[in-house]
Amino acid sequence: MHRRFFAPGALVAASVLLAIPASAASSAPGAPGIGDPYYPAYGNGGYDVSHYDLRLKYQPATDRLEGTATLLARTTQDLSRFNLDFLLDVGEVRVNGAKASFTTSGEHELEITPKTPLAKGSDITVVVRYSGVPSGEQAYGFTSWHRTADGGVAANEPEAAWWWFPSNDHPLDKATYDVSVQVPDGTQAISNGTLQSTSSRLGWTRYNWRSNKPQATYLATLAVGRFDITTGRTESGIPVVNAYSKDLGDNYNAARASIERSGEIADWLAEYFGPYPYNALGGYVPNTATRYALETQTRPFYSPSRFASGTNTYLVVHELAHQWYGDLVSVAGWKDIWINEGFARYSEWLWSEHEGEGTTQEIADYVYASRAADDPFWTVRPGDPGPDNQFHIAVYDRGALALQALRGEIGDEDFFAILKGWTDKYAYGNASVADFQAYAEQVAGQPLAAFFDTWLFQPSKPAAPEAREASI
Ligand code: ARG
Ligand code: ZN
């Protein structure tokens, strides 16, 4: 019975399709996610952003953020509509100059329907006017916008952008940024890259920042508050800009004594990883109650509490190591987080050896021995930890143990050639754990599948690595 009614319906649909232009007939909505199995709703399908221009105004007294985002993008399919990831209130959207209709769905989707469908391979300009109070917005029950006594800051991983700009929020879609933010005179706005200029009028100061190399959305940051700003240059010539909230209390000096060494540390890391990949460097410490740090591109975010015991150059080494491992070469999917955290932790071990506080082998032996075989630590698989364990200590410590074991397996020469060659091979792009294994096998000239399986994928404690034969 039903079947008989379906047949005429199908004919009607077919005749409607025939009545509209061929290009539009094949256009379809862009997917609401980019296809990451850990986070199916993150990012979007159907286009690729090349540049974000954010022109904003922020009032610390009310936590109100407003402005315009202009996205330069290219379509990768015929599109009837497409999504951005965003949480604030949208007033108007224009695509290629024409007003587009829009609606919201899910936890953080902004669905945009352009006036006319977009053909695959076309350059498009998307303008989004918006406003809102970021601290009032949650997704999945959390917020990545941290309001402070004198402003606010957007920093988190994997999600931070939703609270301050509409984006294709996944590391697979990297882009350059101009971030221009107007704040009341006497307050500063800190972001990534180079401070191109500042200007003042009518009681407001505008800060114009530019990040001119591909940058993942979670590595874009904005902090507003009252900061002391220091400037300098690394020995290798990179301009350094650091910012310390005036409100760090007891942690101020230790934070500053640590982060002022960023230039020295970046130059030291460059010996292992190749030339520093950006034209700006620094760090900033807002007066947040958060406890983490984040490798926001060119200018990491540091929580004040991380300096409560005194200087913490290990943390600076960690975040600056991410400038290569995470920022220059970004994960292809969030399951590849070992590519970031295993290497950043291993860099801390190299720094320990450099500082005379224990060699990499001594630390590896200690970490290995301190975790009994029945410690749940060993059930976490650093090569694919799952979204709930993405930042589990095992991704860091077992991840670094894997690197020390690899070094023993293939020898120092190949190991350090890989550390440097990898960042060059995948510079400004994305790569996976599988890509790393393939590259290591190529450089070392030996199969390593069993090795990586043992160290990154088995939910159990690997047998102690044998010391490399002295004769080799
Ligand atoms: N990539 C950061 C780091 O290792 C980790 C951030 C963890 N995120 C969080 N919300 N705790 O420094
Ligand atoms: Zn890290």
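## A guided tour, starting at glycine 249

Select glycine 249 to begin: with 9 C-beta neighbours inside 10 Å, this residue counts as exposed, because the term is given to residues with 12 or fewer other C-beta atoms within 10 Å of their own, whereas 20 or more make a residue buried and values in between partly exposed, the C-beta atoms being placed from the backbone. The model you are viewing is predicted, so that local features need pLDDT of at least 70 and side-chain atom pairs count only at pLDDT 80 or more, while totals for chains, interfaces and linings use all residues. Residues are numbered from 1 along each chain as its sequence is written, and chains are lettered from A and ligands numbered from 1 in the order in which they are written.

Glycine 249 sits in the loop between strand E17 (239-245) and helix H3 (252-259); helices (H or I, at least four residues) and strands (E, at least two) are DSSP runs, numbered from the N terminus. Add proline 304 to the selection: the two residues are 55 apart in sequence, and their C-alpha atoms are 9.1 Å apart in space.

Next, select residues 50-219, which an unreviewed UniProt entry annotates as "domain: Aminopeptidase N-like N-terminal"; such annotations may be inferred rather than shown by experiment. This stretch is 0% helix and 59% strand, with its end C-alpha atoms 15 Å apart.

Now colour the open sheet of 11 strands, ordered E1-E4-E7-E6-E5-E8-E3-E2-E11-E14-E13 with mixed pairing, where two strands pair if DSSP finds at least two bridges between them. Its edge strands, each pairing on one side only, are E1 (28-29) and E13 (194-201). At the E1 edge, two bridges join E1 to the parallel strand E4 (residues 79-85), and alanine 28 has leucine 79 as its bridge partner there.

Move on to the open sheet of four strands, E9-E10-E15-E12, in which the pairing is antiparallel. Strands E9 (145-148) and E12 (188-190) form its edges, and neighbouring strands are turned by 15 degrees against each other on average, direction ignored. E12 is joined by three bridges to the antiparallel strand E15 (residues 222-225), where alanine 223 is the bridge partner of isoleucine 190.

Finish at ligand 1, and select the residues around it: Asn156, Glu157, Tyr292, Ala293, Leu294, Glu295, His318, Glu319, Glu341, Ala344 and Phe391; a residue counts as near if its C-beta atom, placed from the backbone, lies within 6 Å. Helix H5 (313-321) and helix H6 (338-354) are the elements that give two or more residues to this shell.

Technical notes:
Axes are lines fitted to C-alpha atoms, for helices over the stretch in contact, and angles run from 0 to 180 degrees between N-to-C directions.
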